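Please open the model in your viewer and keep the selection panel at hand. The tour goes stop by stop.

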Amino acid sequence: MTIPIPSGARVWLATGRTDMRKGFDGLALLVQETLKRDPHGGHLFVFRGRRGNLIKVLWHDGQGMCLFSKRLEHGRFIWPSPADGTVAITPAQLGYLLEGIDWRLPQRTWRPEAAG
């Protein structure tokens, strides 16, 4: 899943658990009241459910509100604890998260070659 993240947009994780029955309005209200952010400001807000296998991403693209969701068939999305407060991640880390990869410490697959 690829979300077209505009340059300058930030990605915010809503730590803890979110009721995944919430839609556009319920999640936008959480962004305002819990994260203290503007849901219409062009940033992405990511929420995870209780089981950990479902996330929703709320984003206003300038024309309207978008709601993306992804459910993993196996495994769980890596998520910060509520004690971490509001967590901002990079668009690259969001890509890892959406693939079910631990975004906190991704491993590079290359090694520098020795000069010969």
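This tour of a predicted model visits a helix, a pocket and a pair of residues.

**Stop 1: helix H2**

Select residues 91–98, which form helix H2. Which of its residues are buried? Show the side chains of Gln93, Leu94, Leu97 and Leu98: these are the buried ones. Now look down the axis. The four cover an arc of only 140 degrees, which puts them on the same side of H2. The general rule is that an α-helix has 3.6 residues a turn, so residues three or four places apart point the same way.

Next, add what covers that buried set. The cover includes five strands:

- E1, residues 11–13
- E2, residues 44–48
- E3, residues 54–60
- E4, residues 65–71
- E5, residues 87–89

Then step past the end of the helix. Gly100 follows H2, and its phi is positive, near 80 degrees.

**Stop 2: the largest pocket**

Select Thr18, Met20, Gly49, Arg50, Arg51, Asn53, Leu54 and Arg71. These residues line the largest pocket. How much space lies in it? The pocket holds about 170 Å³. Colour the lining by class: 3 residues are charged, 3 are polar and 2 are nonpolar.

**Stop 3: Asp25 and Asp61**

Move to helix H1, residues 24–33, and pick Asp25 there. Is Asp25 buried or exposed? Its relative accessibility is 67%, and the cut-off for exposed is over 50%, so Asp25 counts as exposed. Finally, add Asp61 and draw a line between the C-alpha atoms. The two residues lie 16 Å apart in space and 36 residues apart in sequence.

Notes. Residues numbered from 1 in each chain as written. Predicted model: local features only at pLDDT ≥ 70, side-chain atom pairs only at ≥ 80, totals over all residues. Heavy atoms only, no water. Buried < 20%, exposed > 50% of the residue type's maximum accessible area, 1.4 Å probe, protein only. Helix = DSSP H or I, 4+ residues; strand = E, 2+ residues; numbered from the N terminus. Arc of directions from axis to C-beta. Contact = heavy atoms within 4.5 Å. 1 Å grid on protein atoms, 1.4 Å probe; cavity = no way out; pocket = protein on both sides within 12 Å on 5 of 7 lines; lining within 4 Å. Points joined across faces, edges and corners; volume = space filled by probe spheres on them. Nonpolar A, V, L, I, M, F, W, Y, C, P; charged D, E, K, R; others polar.
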